[in-house]
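This report walks through one protein chain for a reader who meets it here for the beginning of their study. Please keep the sequence and the 3D view at hand while reading.

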Amino acid sequence: MLLLLPFTMFLLRLVPSTSFQPCLKGSLKQTLTGGNPTIFSKTHQRLRLTSTTNNQVRLYSSNSPDLAGRKSSSVQKLNSSNSSPSKKKPSPLNLQPPKGTRDFPPPLLRLRTYLFTRFRSASLSHGFSEYDSPVLESESLYTRKAGEEVTEQLYCFTDKGDRRVTLRPEMTPSLARIIMGMKPALPIKWFSIPQCWRYERMTRGRRREHYQWNVDVWGVQGVEAEVEVISVMVRFFTSVGITQSDVGIKVNSRGIIGALLEGLGIPEDKFAETCVLIDKLEKVPVEALKADLEELGITEEQITALTDVLVHKDIEKISEVVGSDCPAVQDVRKLFSMCTDLGIVDWLEFDASVIRGLSYYTGIVFEAFDRSGTLRAIAGGGRYDKLLESFGGDPTPAVGFGFGDAVIVELLKDKNLLPDFEKGEVEFCVYSMDEGGTAKAMKVANELREKGCSVDVVLEEKKMKWAFKHADRIGAKRVVIVGGDEGSRGEVRVKNMESGEQETVKVAEIGEWAENI
Ligand code: HAM
């Protein structure tokens with residue numbers, strides 16, 4: 001039987017490779033990168049069949065395609081006794097998850113785990129602790145009045161207890177809520193990888209759900225905290241093979257914007273809303289924001305004067321306008337100087353136009369971007385010293401960033417930096433060539449598992465050719481063949497799938513052997 005092995009392997013080589021290019025192909029690639037069409041009927045009703053068990057088919061229809069919570073779903077019961085099941089075919093099931101969301105079959109989950117492992121290890125190496133919170137939050141946590149996109153994109157609804165709730169669009173307010181309740185001894189360094197939900201227009205790297213690595217320091221007044229979180233981000237980039245020529249981190253300070261607004265006579269209480277508005281100017285023409293500007297009492301001339309200054313990419317030019325002794329300018333200078341000492345300054349560039357679209361930032365803000373200019377922001381963060389106060393808590397300094405899982409994957413694909421995730425990481429596939437020998441194969445597998453190996457077993461009686469094909473499909477490094485002549489001598493045959501080399505090992509010594517390979 002073993003003589004057939006080379007022929008089997010030859011046949012295997014003829015099977016076309018299904019490896020993902022650069023890491024994922026076809027429908028899986030589509031699942032990861034978006035573009036998953038949801039089936040809507042002409043009336044924009046989403047139709048979903050849910051049960052056919054008790055001779056009834058439940059047809060859920062909703063005029064609103066997503067969880068806006070304003071229209072309750074109507075449930076129509078169609079009694080199948082009116083129409084014979086043999087005649088009436090169920091409508092085809094929509095195989096796509098809801099628009100903008102993803103399934104994670106094993107290759108995609110391996111990719112996600114690859115990313116999360118590196119998020120975790122960068123955070124842990126800087127002494128951050130991991131936390132989590134529920135994906136469902138009270139809507140009131142996000143009802144800020146600054147006209148931010150994020151609060152307009154909530155997946156919110158009224159629950160059965162009449163509470164307004166929402167899927168969290170970001171983690172920072174939940175973190176503030178936890179800290180306000182727990183009152184931990186500060187400073188703290190915490191990180192998390194929550195799934196966040198935003199009803200967003202979908203573009204490359206922007207989805208309706210994403211995982212967002214959050215890294216935050218609470219309780220530190222100085223820019224040391226900014227430097228620390230930026231260092232963690234750089235450590236992550238380096239760990240996945242991204243360099244400072246691929247990615248840059250733009251830095252600015254809302255303190256500088258504040259000084260400019262003060263110079264223009266714009267009152268301090270308009271600061272947060274004005275920042276959100278200026279951030280929007282990047283995406284929409286000033287005319288589209290006229291009404292909002294008027295409401296804030298800001299003239300077009302003031303905006304023009306402001307935007308003229310914001311084009312500067314040189315902190316010295318800005319300091320000529322706001323004064324070199326402006327504390328915000330000094331903070332930015334100190335941040336650059338510390339990053340020079342740490343050898344990460346090449347990642348940074350000052351850019352006065354970076355404002356960030358969230359209203360709670362109060363000081364330094366930063367955004368990681370792809371230098372080729374083709375992708376949306378990779379990550380963003382900043383100082384938000386007044387968020388806790390806005391919830392009625394004590395003033396508490398805080399700095400952090402959010403880093404999505406979608407844009408970075410696009411970048412890693414573009415740079416060809418992703419490993420192949422099609423196959424798993426199984427060390428052994430154990431196969432019995434004897435009829436009724438599966439239990440023996442399972443016993444050998446357990447010996448190997450006792451030594452910490454990952455081992456699959458061929459559970460059904462199959463031909464050797466099938467077993468090798470299976471081993472190849474699951475990415476097993478070695479196949480252990482139980483039974484045959486070797487079996488009668490108390491041995492197994494082990495084949496290395498990469499080199500093709502074979503050896504025999506005594507069953508009684510397999511664990512020890514595995515420890516030494
Ligand atoms: P943000 O700029 O809204 O900040 O989001 C941070 C990052 O999350 C973005 O740069 C992007 O990588 C990712 N992201 C956001 N929305 C989407 C989306 N729809 N699809 C895919 N990725 C997305 C915040 O959320 C702040 N709470 C971050 C923070 C933490 N600030 C301080 N601490």
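In what order do the 3 strands of the open sheet with antiparallel pairing follow one another? In this predicted model, the order is β5-β7-β6. The edge strands, each of which pairs on one side only, are β5 (136–138) and β6 (155–158), and neighbouring strands of this sheet are turned against each other by 35° on average, with direction ignored. Between β5 and strand β7 (residues 164–167) there are 3 bridges in the antiparallel sense, and Leu136 stands opposite Leu167 in β7.

**The chain as a whole**

The chain contains 18 helices and 20 strands, and 47% of its 517 residues count as buried. Among the contacts in the chain with a separation of 6 or more, 67% are made by residues that lie 24 or more positions apart.

**Strand β15 and its partners**

Strand β15 (residues 398–404) has 7 of its 7 residues buried, so it is largely enclosed by the rest of the structure. In a regular strand, side chains alternate between the two faces of the sheet. In β15, Ala398, Gly400, Gly402 and Gly404 point one way, while Val399, Phe401 and Phe403 point the other way, and all of these residues are buried. The table lists two strands that are joined to β15.

| Strand joined to β15 | Residues | Bridges | Direction relative to β15 |
|---|---|---|---|
| β10 | 209–218 | 7 bridges | antiparallel |
| β14 | 379–383 | 5 bridges | antiparallel |

Particular residue pairs can be located in the view: Trp213 stands opposite Phe403 in β15, and the bridge partner of Gly382 is Gly400, also in β15.

**The nonpolar cores**

Which residues touch the most other members of the largest nonpolar core? They are Trp213, Phe236, Phe237 and Phe403, in a core of 79 residues. Helix α6 (residues 224–239) supplies the largest share of this core, with 9 residues. When its neighbours within four places in sequence are left aside, Phe236 is in contact with Leu115, Arg118, Phe119, Ala122, Trp213, Phe403 and Ile408, a list that includes Trp213 and Phe403, the residues that stand opposite each other in the pairing with β15. Another core, of 19 residues, lies apart from the largest one, and Trp218, Leu358, Val365 and Tyr384 are among its members.

**Helices α7, α8 and α10**

Two packed helices are described by the angle between their axes and the distance between the axes. Helix α7 (residues 254–263) and helix α10 (residues 300–310) pack at an angle of about 145°, with their axes 10 Å apart, and α7 passes α10 in a right-handed crossing. At this crossing, Ile257, Leu260 and Leu261 in α7 meet Leu306, Val309 and Leu310 in α10, and by class the contact has 6 nonpolar, no polar and no charged residues.

Is helix α8 (residues 271–281) largely enclosed or largely open? Of its 11 residues, 8 are buried, so α8 is largely enclosed by the rest of the structure. The buried residues of α8 are Phe271, Thr274, Cys275, Val276, Leu277, Ile278, Asp279 and Leu281. What covers them includes α7, α9 (290–295) and α10, so that the two helices of the crossing described above also appear among the elements around α8.

Terms used. Residues numbered from 1 in each chain as written. Predicted model: local features only at pLDDT ≥ 70, side-chain atom pairs only at ≥ 80, totals over all residues. Heavy atoms only, no water. Axes fitted to C-alpha atoms, helices over the stretch in contact; angles between N-to-C directions. Helix = DSSP H or I, 4+ residues; strand = E, 2+ residues; numbered from the N terminus. Left-handed = near helix turned anticlockwise from the far one by under 90°. Contact = heavy atoms within 4.5 Å. Nonpolar A, V, L, I, M, F, W, Y, C, P; charged D, E, K, R; others polar. Pairing = 2+ DSSP bridges. Core = buried A, V, L, I, M, F, W, Y, C linked by side-chain atoms within 4.5 Å. Buried < 20%, exposed > 50% of the residue type's maximum accessible area, 1.4 Å probe, protein only.
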